[in-house]
Amino acid sequence: MVSRRNYVTIVLMIVILMFMFMFTGVLKQELNEYNVNDYEDSYTYGLNATNMYRLDRADNSEFELPRRYAVFIGPAFVDIRDVVTYWCTYTKRGLQEYGSFEEYVIPEENLPEVVIIDGRYIDVDRDLPAMRELTQKGVHLVFAKMPHITTMTDSPELCEFLGIRSMRSREVLVEGVHLFDGFLLGGERIYATDMNDTVEQDLEMVVHWYVLDGGTKTYIMGMMDEDEYKNENMPAILWRKSAGNARIFCVNANYMTNMYGVGFLSAMMAEADSYEIYPIVNAQCMTVAEFSGFAEDNSEELESLYSCTQPALYESVIWPSLIAIAEKTGARVSLMVTPQLDYSDENEPQGEILPRYMTLVKEQYGELGVSMGRVSNTTMEGKLSRDYAYYVENAGDYSFISMYTDDLKEVMAGPWKRYFPKLRTVVTAPDDDEPIVDYLDRSMVMQRGTAYAKDHTYAANLSIMGYETALGYSNVVLDMKDVSYPEDEEDYWENLSRELSRNLTTYWRDYEAFTQTTLTESDARVRKFLTLDYRAERINDDIFLHINEFEGSAWFLFKLNEGVPGQVQGATLQDMGGGYYLLEATETEVTIEVKSSVSEFFR
Amino acid sequence: MSIQTLTILQFIGVLAAYLGMTVLLPAFVFNRRFREERFCVRFMIYLVIGNVYLMNLVLVLQLLHISNRVTLFLGTVLPAVWALARVHNTTVKDGVLSAARAVNSFLTGTMGGRLLLSKALRSVGRLLKTAFLRVAGSIRHHFFDWVFTVGVIGLVLWQYGCNMFWNMGYCFSDMPVHNYWINALEDNHLFVAGVYPQGFHCIIYYLHKMFGFYTFVLLRMFGLVETLMIHLVLLIFMKACCRTRYTPYMGMILYLFANVWNIETYKRYSSALPQEFGMIFILPSIYFLIAFFEDRKKENGAKGWKVHSTRYLLFFGLSFSATLAIHFYNTIVAGLFCMAVAVGFVGLLFRKAYFGRIMAAGILSVLLAVLPMGIAFATGTPPEGSLRWAMAVMTGKIDSSGNPVQTQQQDTSGEETQSGTQGSGQPGTGAEDGTAGSGSGQSVTGQGGTAGPGQTGGGAGSLNGGDSGGQAFADGVSQSQETLQPPEPEVPLSERLKSWVNVKWSKTVRFLTGLRNAVNVYILSNASSNTVSAILVFTVIPGCVGFINLFRRKTRHYGCILITVAFFTIFLCAVIMARWLGIPALMDMSRCSIYLAYTLPAALAFAIDALISLAAGWVTTQLIANMLSLGGVGLMVSVLLFSGAYRLPLDMPAMESNDAIICLTNILHDNQRFMFTVISANDELRMVENDGYHYETINFLRAMEGERQAEYLTIPTPRIYVYIEKIPIDYAISYEGSGTRISASGASRPLPQGGGLGVYQGRNRYTVMSRLYYWALAFQSMYPNEMRVYYETTDFVCFEIDQNPYRLFDLSIDYYGYNSKEY
């Protein structure tokens, strides 16, 4: 027999246990305002294209210090020009462009900081004296593309000027590419496999074999058989030659024709002087695009593959994997949903699924956006109207602020404002020929994906390093359309999730100091970045950073080649390795003390 | 942390490690066996056991090529445990079982943690209490002894310790060689440069390996440690032999505090050198021999080896073997002392109960020391160069500077000429003086002498210089030559006798005057000739008083000791005057002067002790005798202090700047092993050998000279350090521009030719440093972010270069045209 007292005790214990287990769940459910976008408020009023720094406004400055500027010498049609233009925009430099040295008159005062040259279009006899004059005056030169091989062969003076001792071979197939530590943010990389014909190896592997002279420093080297060749004799791909106070950078590959070349230019300037400061976005995004786990699209194929329909696949298989990866990497998931991909079938999206995802996304501090992808011949407007109806019915008052599309032109031409009036950032597919962040119109920000999550080739890795170095920004795009409509075995989720996990946990580890953001958060940071203006100067052992007005924090990348930072006023520093520091400014005037890196343990 | 603080800490560490392993550990093990001995005797016993064991342990392990930290540790601990068990009449097995039982009772809970802790604390408390009571009792009963001993230690540290801060580099050019030999022990390469006594190197290697001191730090610090031990051993020897309590301190004060000594007699104490390290074992060996005589006498000729006196014979043998295992000169001096003991104890030595044992001990000790060298020699390792040099000096084939000695008869006029030349010469520099003396003697007369004073570098020159006795001797020789000419009429016997006496007298006077002058020049150079004469007269007193003491049974042993000391002083004087006496010069003058200077204070202390003891035996009591000696100490200190005749600390210029040492200390602290290279002139080569790489400056500059500039010059370490002396030091040799700051005009000069140290001496060093400085400037302009100033003072700068080890910098550059210029 159970006594009454014991009976009461047991019941009380059961109640307490029930309460303890259920309480948190109930509370989470009840307090979760899943139909509210928490990141909507991150927008700073007034930050739009009108107050963005543009090259044509380079002369306007609120600072007393002269703005540093670059000169580009080369034809207007080359890709490098775009890279240089955006690099100057991002780093708030001025830019002067000339078709050739013939057009350029070296000024007596207010010299450029750097002259970037497309070496393919120089006339050695005519241009070499001008280049010598520039270096004598302390102006750095960047040969974004090397002169043609015959030009080099015919001109020993140019070779000597560029720090080339000899040309061992006109062309050589290297076994790999070695990027040395201290140049790009992220450190050392060896882009080599046992078999160069693997899919990972998509870097330029045939280069001119230059052997360098004394006074040079190599940043990227082509790898050869170590038993046969000494390291110093292996082909140089990116190097620096010193000429008095000036530095001459030479790029013996096509890296500068890609947009990630902006990172190379920043790294070169960081190497050219004792220090370098430039603004960055400081945002790491993970965009899950075309997430269509609401309608039973492509049911036949998916059922044969996974024995379940698309909504079940997404909810019970894909979503848990995604969350596991996000928790492992600390990423904030930006779920860019589309109610359905195929609008031609009769399978309509199920309304009750969306609130569930909204709740889950919110629990992961993620964000919901819309995707514009589709597989049927539905027009843009047709898709917008049908999606809108679905969202109105199931998403409540949720503010969709971000949108994903792989066809930017189509979207911008479409009537999206009518359906999504609060939309202010558009994410698009990675493309190394286009800028990474910019305004699409007066208020709409474009954020380009920097890499696809499923593929990680050597070139993709190099591009990530370039973007991180230049902007402190990355946006990994996982296109779920490949899962819903797989084309080969690589698109099967079991394979895709493995690749995804491997890539995301490996290649972004060096950038953990940067902030993980949703797209709306990064939108706010991009606006601030594009609007920001600054000047830096060094007086003895103090570096002064003057920044225009900003709200909250502004982020800069600070590279110090000589010494280590001491006391910092108006900002905080975080060591990122290789001499790079993430500087978070909280005031408009920042002072960084530079201390000697030499330890003074025994004196 | 300042380098001064670090130096003090390093010194304390080295001293503690050395004393811990050579005195405290043997004391811990053998305390029970020797506790009836006097403290000073126990100290010598432990010191000898510790040093000889460690030397031989390293030698054996090195010969077996298994020397490393593990084997050294096992070789130290296991025999110590075994010996401890033997001393405590137990076995190692019992000890292990006892410990295992204790552990077991703790683990099984029979003995609780609190009980174990309280037991341990109680035993430690008891130990500390006993030690404290003993020390307190000792201080109460021997207050002045404690005060004076601390004073002597303080004086040693002050006199020789200051130099550790003032001049941090190696002070002698042969120290890098010793460093090299010690470094070779790392690779179990015992006789890397040939067969040589390695005892000193073994001890340094042991401390380096077991305690992790850098070898160069040990060589910097150990000089003071060994100097302290040399002085303590001298004090202990006197304390063990003297009859009054405080006279030994008078000798110590004279040696350490009186400003009478030639710097050559003590400047080598500034460095860790084998010869000086070996000096530690000379006096213990003699003391143990004397103690054997005393102890054996009490045994009344008891047969067999298991008698008490054998222990003294054993320690005599070990000490003697230590001198031989460390440096032959110490063996020579110890041998001379043994000869003096033979004279002093001649009445006992040739008795059956003594002679055989002593000879057996002597032979075995020599065998013990020579065996490792003999094994190496037998297996094809040739003798090291300095051994051949020492043998040649001893056999009179060359002088100390390596110049061949002329074997022709020397003309007296030649001597006179040499005297004039060398009297003003700097004593002790040997090489130049000796060579010059020999040359001038020949050029004037065409004849030279075997014992020509010129060969020993000025000593004999001053021996004759301006002395009327020399002239008298010359006259005497002239007369004897003249007697060979035409037959002379018969001279009466009385006349001949008178003449013979006159000749002998003048010869004796000349010898004594020469001895006085030699001592005055080489040893007591800051004392007047009258003081020197007085001191020399004083050294005879022990002999005389010792002779008197022989007549009383009670004081006979003490008398023998006094005679021994007196004869040892005489023998050393004879070695100094060897050339004059026509006997083989066992060692060169400068080295011999160190030993004589070490002996003279002891001889004087014994003289005073003898006189006071003599009085104590006849007219006064021992207490008054002790008080007299105490008063003597006070008087001596007062006189020296108030007359200002006290000695100031040794300031011995180093072959390397302090900045270079500070820089090296920091480099070793900041870098991983073998991840850096130092480009410097010379001494750092051996200093960094075990931890990093070194590139000679001259080789570095030559590698980019002229057409070679076109060739790649790479150094495959991530960091490179470049040492530049902005004011080049005078490396043993100065020149008319010494102290000149490096300049463009220096860099414009062609690089010095040849090899060896010559390229870093005199003006050559100025040229080399100037060149390197302009290379550094040119390179820094090319790599401003990769090359930085690591350390800089007004006289010195060190640059640090960071490079990518996978893509090395080509260090061969054109530096402002200096290396591409046609000379």
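Start by selecting Val503(B), which sits in helix 22 of chain B, residues 493–522. Is Val503(B) buried or partly exposed? It counts as partly exposed, because it has 17 C-beta neighbours inside 10 Å and burial would take 20 or more. Now add Phe34(B) to the selection: 469 residues separate Val503(B) and Phe34(B) in sequence, and their C-alpha atoms are 57 Å apart.

Keep in mind as you click around that this is a predicted model. The predictor gives the complex an ipTM of 0.84 and a pTM of 0.82. Colour chain B by pLDDT and you have a mean of 85, with 88% of its residues at 70 or more. Where in chain B is confidence lowest, and where is it highest? Go to helix 19 (residues 431–445) for the low end, at a mean of 32, and to strand 1 (residues 676–680) for the high end, at 96. Then select residues 407–483 of chain B, where the pLDDT is below 50. Even so, that stretch has 147 contacts in the model beyond near neighbours in sequence.

Next, a helix pair. Show helix 7 (residues 175–186) and helix 9 (residues 215–241) of chain B; their axes come within 10 Å and cross at roughly 130°. That angle makes helix 7 of chain B oblique to helix 9 of chain B, because it falls outside 65 to 115 and is not over 145. The crossing of these two helices is right-handed. Turn on side chains for the contact: helix 7 of chain B brings Met175(B), His178(B), Asn179(B), Ile182(B) and Asn183(B), while helix 9 of chain B brings Thr215(B), Phe216(B) and Leu219(B). By class, the contact between helix 7 and helix 9 of chain B has four nonpolar residues, four polar and no charged.

Zoom out to where the chains meet. How many residues does each chain put into the contact? Chain A gives 20 residues and chain B gives 26. On the chain B side, select helix 1 (3–34), helix 28 (658–670), helix 32 (763–782) and strand 4 (787–792), each of which supplies at least two residues. Helix 28 of chain B has the largest share, five residues. Colour the side of chain B that touches chain A by class and you get twelve nonpolar, nine polar and five charged residues.

Stay in chain B for one backbone oddity. Tyr816(B) has a positive phi, near 55°, and is not a glycine. Most residues other than glycine have a negative phi. Look for Tyr816(B) in the segment after strand 5 (796–802) of chain B, where it counts as partly exposed with 16 C-beta neighbours inside 10 Å.

Hop over to chain A for another one. Asn282(A), also not a glycine, has a positive phi of about 60°. Find Asn282(A) in the loop between strand 12 (275–280) and strand 13 (283–291) of chain A. Is Asn282(A) buried or exposed? Buried: it has 25 other C-beta atoms within 10 Å.

Last stop, Val142(A), in strand 4 (residues 140–145) of chain A. Val142(A) is buried, with 28 other C-beta atoms within 10 Å. Which residues is Val142(A) in contact with, leaving aside neighbours within four places in sequence? Select Val114(A), Ile116(A), Ile117(A), Phe249(A), Leu265(A) and Met268(A) to see them. Finally, pick Phe72(A): Val142(A) is 70 residues from Phe72(A) in sequence, and the C-alpha atoms of the two are 9.4 Å apart.

Note on methods: Residues are numbered from 1 along each chain as its sequence is written. Chains are lettered from A and ligands numbered from 1 in the order in which they are written. This is a predicted model: local features need pLDDT of at least 70, side-chain atom pairs count only at pLDDT 80 or more; totals for chains, interfaces and linings use all residues. Helices (H or I, at least four residues) and strands (E, at least two) are DSSP runs, numbered from the N terminus. A residue is buried if 20 or more other C-beta atoms lie within 10 Å of its own, exposed if 12 or fewer, and partly exposed in between; C-beta atoms are placed from the backbone. Two residues are in contact if their C-beta atoms, placed from the backbone, lie within 7 Å. Ala, Val, Leu, Ile, Met, Phe, Trp, Tyr, Cys and Pro count as nonpolar, Asp, Glu, Lys and Arg as charged, and the others, Gly among them, as polar. Axes are lines fitted to C-alpha atoms, for helices over the stretch in contact, and angles run from 0 to 180 degrees between N-to-C directions. Angles under 35 degrees count as roughly parallel, over 145 as roughly antiparallel, 65 to 115 as roughly perpendicular and the rest as oblique. A crossing is left-handed if the near helix is turned anticlockwise from the far one by less than a right angle, and right-handed if clockwise. pLDDT is the predictor's confidence in each residue, from 0 to 100.
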